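Student: I've got a chain on my screen and I'd like to talk it through with you. Can we take it piece by piece?

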Amino acid sequence: MINQRNIAEILPSEDSLRKDIKLTLKVHPFHTDSLTYSQRERAVYHDRSDCIHGQRIKQDGYAVPGTEGRQLCNRCADLNAGLDDFFPGDEGA
Ligand SMILES: [Zn+2]
């Protein structure tokens, strides 16, 4: 059972909440070996939970922990650099 009042008391103020979200968006590196994906997608790893490419791998269940010597995905790099716009139009081509 979830107590609404307790949740409201636990939630931090908006500022610190935003900071917490930033922190939690960073995840342990993962990549994919699945042939479901293009060679380019298999050549990179992800370390952001808000990366749309990484999200798809996770959702499909093909995420493998670690970097395996891969390069960081462009989207994750942008997000790590603070370019976390909510309208990803650049697919990193
Ligand atoms: Zn990524």
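Tutor: Sure. This is a predicted model, so let's start with one residue, L72, which lies in strand β4.

Student: Is L72 buried, exposed or partly exposed?

Tutor: Count the C-beta atoms around the residue. A buried residue needs 20 or more within 10 Å, and an exposed one has 12 or fewer. L72 has 16 such neighbours, so the label is partly exposed.

Student: Which residues does L72 touch, if I skip those up to four places away in sequence?

Tutor: Start from the pairing: Y45 stands opposite L72 in β4. That fits with the strands, as β4 (residues 71-72) runs parallel to β2, joined by two bridges. With those sequence neighbours skipped, the residues touched by L72 are V44, Y45, D47 and A77.

Student: And how far is L72 from F30, C-alpha to C-alpha?

Tutor: Along the chain these two are 42 residues apart. In space, the C-alpha separation of L72 and F30 is 9.8 Å.

Student: What is the strand order in the sheet?

Tutor: Build it from the pairs. Strand β1 (residues 26-31) is antiparallel to β2 over two bridges, with K26 partnered by R48 in β2. On the parallel side, β2 is joined to β4. The sheet is open, has four strands and mixed pairing, and its order is β3-β1-β2-β4.

Student: Which strands sit at the edges?

Tutor: An edge strand here is one that pairs on one side only. That description fits β3 (64-65) and β4.

Student: How many residues of β2 are buried?

Tutor: For the whole chain of 93 residues, the buried share is 17%. β2 is mostly covered, and its buried count is five of five.

Student: Which residues form the largest nonpolar core, and which elements give two or more of them?

Tutor: The core has six residues: V44, Y45, C51, C73, C76 and L79. Two or more of these come from each of two elements, β2 (44-48) and α5 (74-80).

Student: Staying with C76, what does that residue touch beyond four places in sequence?

Tutor: C76 belongs to the largest nonpolar core. Leaving out residues up to four places away, its contacts are H46, D47, R48, C51 and G54.

Student: Now E68: where is it, and is it buried or exposed?

Tutor: E68 is in the loop between β3 and β4. Its backbone is worth a look: phi is positive, about 50°, although E68 is not a glycine. Most residues other than glycine have a negative phi. Because E68 has 12 C-beta neighbours inside 10 Å, it counts as exposed.

Student: And E41, buried or partly exposed?

Tutor: E41 lies in helix α3 (residues 39-42). The buried label starts at 20 neighbours. E41 has 19 C-beta neighbours inside 10 Å, so it is partly exposed.

Student: Which residues is E41 in contact with, apart from those within four places in sequence?

Tutor: Look at H31 on the way: E41 and H31 are ten residues apart in sequence, with C-alpha atoms 8.5 Å apart. Beyond four places in sequence, the contacts of E41 are T32 and H53.

Student: Last one: in what order do the elements run from the N terminus?

Tutor: There are five helices and four strands to place. Starting at the N terminus, the order is α-α-β-α-β-α-β-β-α.

Technical notes
Residues numbered from 1 in each chain as written. Predicted model: local features only at pLDDT ≥ 70, side-chain atom pairs only at ≥ 80, totals over all residues. Core = buried A, V, L, I, M, F, W, Y, C linked by C-beta atoms within 7 Å. Contact = placed C-beta atoms within 7 Å. Pairing = 2+ DSSP bridges.
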